[in-house]
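This report describes the sheets, the ligand site and two backbone features of the structure shown below.

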Amino acid sequence: MTAATLEVFRLAMPLVRPFRTSKGEETVRDVLVARWTDADGSSGWAESAADAEPTYFPEYIDSVLLSIERVLLPRLGHGPGLTAGSVRAAFADVPGNPLAKGLVETAVLDAHLRRAGMPLVDFLGSARRPITVGVSVGIPQDLDTLLSWVSGYLDDGYRRVKLKIQPGWDLGPVRAVREAFGDDLPLQVDANQAYSPADIPLLRRLDDFGLLLLEQPFARHELLAHAALAAGHGTPVCLDESILSLDDAVTAIRLGAADVINIKPSRVGGYLTSRQIHDVCLANGVPVFCGGTLETAIGRAANLALATLPGFTLPGDISATSRYYARDIGPSFELDDAGCLLAPDGAGIGIEVDEAAVETFALEQHTFRVP
Ligand code: NPG
């Protein structure tokens, strides 16, 4: 019998427009995608949100590759029929490392579901429905540029706008967007941890603008500061970078640190954990939305499936393909007239990956035999 393999491709995907947050600017998205090929020949794809450097997540591309090769794959038994659940169980004695674990688990999940002919939406116990999505607007040079970008995205059909903020770029841009586009525009802001607890009085001034939520103002370990801000019952406080596991979500909810949670499947270790976090949030009345990290078609398709679950009541960061890429590694997803995207209906994540495009964008390719 041949061994299963995991091929991991490091891609450099040019962005149609630079994306700047309080963490820095990207003009090309470095992204890891992986293809699992089972011993019986069935295969599945997954994408990781790991960046080139550990500035956003503690893990990063090189560390994910090393964890996969040295720590995770040796824990998997060989032979056909691995499932996402058995992969998760095999990794259970390794703390942390959600990005590395999630990449392997999701590729195995896709292979398993394709073999079984089951769409990811069905596996999650959900039903296909149009997903209202939003656009995340990076930090531009000036207010005029911001207003022209937002205007363009509204013309493109987006029904919810998220502005990236940082100290010195917060009240001004929010006020300008409200004045230009009105109070009815669903608007939220994301600080990517750029503020300190001493900024709570400043952040409270955002309450005047009727925002849907304020995402991750403080460092990821500052759960108490997020709880203190949330206790003011002004703009709902959303956690993103603080949530790397189900335990993190439970703790944040118990502390009152999260009025809303952004679920990024890659960040929490895959779709099984995402589903659990969703369930805990739903049971506790905490709305969730599906976060994004400029996904290719692989991550986008899977995230759209996840976002069909009933607790995803807020628009997701799952933009149309054209918002980020002129050429993708799979089918394009474009907004319908209601500003929605639809999960594919095929088995697994439901898309055919364009292997020629993967080759075109690949900077590195690693093939690991399992075990
Ligand atoms: O539309 O995919 C998208 C981007 C949404 O703003 C977005 N993502 O901080 O949540 C974030 C940010 C991000 C991008 C985070 C890349 C990490 C990497």
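Is L294 buried or exposed? The answer is given under the first heading.

## Two residues with positive phi

The model discussed here is predicted. L294 is buried, with a relative accessible area of 7%, a value that falls under the 20% limit for that class. The residue sits in the loop that joins β11 to α12 (297-306). Its phi is positive, near 55 degrees, although L294 is a residue other than glycine. Most residues other than glycine have a negative phi.

H233 shares the feature of a positive phi, here about 55 degrees, and is not a glycine either. Its place is the loop between α8 and β9. H233 is exposed, its relative accessible area being 72%, and thus over the 50% limit.

## The ligand site

The ligand is surrounded by 17 residues. L294 is among the closest of them, together with S136, N192, K264 and Y324. The buried loop residue described above therefore belongs to the surroundings of the ligand.

Three side chains place polar atoms by oxygen atoms of the ligand. For N192, a polar side-chain atom lies 2.6 Å from a ligand oxygen. In S136, an N or O atom of the side chain is 2.7 Å from an oxygen atom of the ligand. For D190, the corresponding distance from a polar side-chain atom to a ligand oxygen is 3.4 Å. Taken alone, the ligand exposes 430 Å², of which the protein buries 96%.

## The seven-stranded parallel sheet

Seven strands form an open sheet with parallel pairing, in the order β5-β6-β7-β8-β9-β10-β11. Its edges are β5 (135-137) and β11 (288-290), each of which pairs on one side only. At the β5 edge, pairing with β6 (residues 161-164) is parallel and extends over three bridges. One of the bridge partners can be named: V137 is matched with L163 in β6.

Helix α8 (residues 223-230) lies across two strands of this sheet, β8 (214-215) and β9 (237-239). The helix runs at about 155 degrees to β9. The loop that holds H233 connects this helix to β9.

## The four-stranded antiparallel sheet

A second open sheet has four strands in the order β3-β2-β1-β13, and its pairing is antiparallel. The edge strands here are β3 (43-48) and β13 (362-370), each pairing on one side only. Neighbouring strands are turned against each other by 25 degrees on average, direction ignored.

Strand β2 (residues 24-37) pairs with β3 in the antiparallel sense over six bridges. Within β3, A46 is the bridge partner of A34. Helix α3 (residues 98-116) packs on the sheet and touches β1, β2 and β3, with its direction at about 150 degrees to that of β3.

## Helix α1 and its cover

Helix α1 (residues 61-72) lies across β1 (4-21), β2 and β13 of the antiparallel sheet, and its course makes about 15 degrees with β13. Which residues of α1 are buried? They are I61, S63, V64, L65, S67, I68 and L72.

The cover over these buried residues includes the strands β1, β2 and β13 as well as helix α3. Strands β1 and β2 are thus in contact with both helices, α1 and α3.

Technical notes. Residues numbered from 1 in each chain as written. Predicted model: local features only at pLDDT ≥ 70, side-chain atom pairs only at ≥ 80, totals over all residues. Heavy atoms only, no water. Pairing = 2+ DSSP bridges. Contact = heavy atoms within 4.5 Å. Axes fitted to C-alpha atoms, helices over the stretch in contact; angles between N-to-C directions. Near = heavy atom within 4 Å. Polar contact = N/O pair within 3.5 Å; in protein donor to acceptor, adjacent residues only side chain to side chain. Areas by Shrake-Rupley, 256 points an atom, 1.4 Å probe, with all protein chains shown as cover. Buried < 20%, exposed > 50% of the residue type's maximum accessible area, 1.4 Å probe, protein only.
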